[in-house]
Amino acid sequence: MPRHTETRNLPWTPHQMFDLVADVGSYAEFLPWVVATRVKSRTDIELVADMIVGFRMVRETFTSRVRLDRPQSLHVDYLDGPLKYLKNDWRFEPDGKGGTDVHFCVDFEFRQKLFERLAGTFFHEAFRRMVTAFEKRAAQIYGPSDAGAGASGNNSSSAQRTA
C-alpha cells in the first residue's frame, strides 16, 4: 500500500492553490501521464470526474468524487478503476507571509499485486513530479508572487514516504 505525503511552501494564496487543484478539467494540460479528464458533475462542494492516465501502452480510467472545502482543502474519494482504494487529500494553509503551506497526501492500493510491485519502483518520484507540475502550473497562471515566500525564493519541500 504505497503512501506519499509532501508539504511545500509556495508563494501563492490558499485561494489560488485551491482553484488550481480543483480545476480537474485542465489536468491533461500539465500533469504527467494524465491523458484526458472529464468532469461528470460539479457543484460548489463536490465534483465527480473521470481521469484517464496513460504510460506507454497502458491506459487506465479512474473515477473519483472530490469534496471541495474552499479554500482550505480537497478530499478525493475513489469510485471506480483499477485500484482497490485511493485516498487523496490536499490542504492549503496560509503561511503568514502571503503564501501557502500546501499539504498533499495520497494512499492507495492496486487490485493486482503485480501493478503494486511495478508502481513501487517509481511511485514516490511520480508523485513528486506531479506536485512539481502543480507548482509550475501555478507560476504559469499566476506568475511570480510579491508574497514573502516567493520574493525571497524560499520554497521548502518535505516528503515522507511509506511503501
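Aromatic pairs are my starting point: a search of the whole structure, which is a predicted model, finds 10 of them.

Consider first Tyr27 and Phe134. Their ring centres are 5.4 Å apart and their planes stand at 85 degrees, so this pair is edge-to-face. The cut-off behind that assignment is an angle over 60 degrees. Tyr27 belongs to helix α2, residues 27–30, while Phe134 belongs to helix α3, residues 113–142; the pair therefore ties together parts that are 107 residues apart in sequence. As to solvent, Tyr27 and Phe134 are both buried.

The second pair I wish to show is Trp90 with Phe92. Here the ring centres lie 6.3 Å apart and the planes meet at 10 degrees, so the pair is stacked. Trp90 has a relative accessibility of 4% and therefore counts as buried. Phe92, also at 4% relative accessibility, counts as buried because the limit is under 20%.

How do these residues fit into a wider arrangement? Ring pairs link Tyr27, Phe134, Trp90 and Phe92 into a cluster that also includes Phe18, Phe30, Phe104, Phe108 and Phe127.

I turn now to the backbone, where two places deserve inspection on the screen. The peptide bond from Arg70 to Pro71 is cis, and its omega is near -5 degrees. Pro71 sits in the loop between β4, residues 58–69, and β5, residues 73–80.

The other place is Trp33. Trp33 is not a glycine, yet its phi is positive, at about 70 degrees. This residue lies in the loop between α2 and β2, the latter spanning residues 34–42. Is Trp33 buried or partly exposed? With 26% relative accessibility, Trp33 counts as partly exposed.

Note on methods:
Residues numbered from 1 in each chain as written. Predicted model: local features only at pLDDT ≥ 70, side-chain atom pairs only at ≥ 80, totals over all residues. Heavy atoms only, no water. Phe/Tyr/Trp six-rings, centres within 6.5 Å; stacked < 30°, edge-to-face > 60°. Helix = DSSP H or I, 4+ residues; strand = E, 2+ residues; numbered from the N terminus. Buried < 20%, exposed > 50% of the residue type's maximum accessible area, 1.4 Å probe, protein only.
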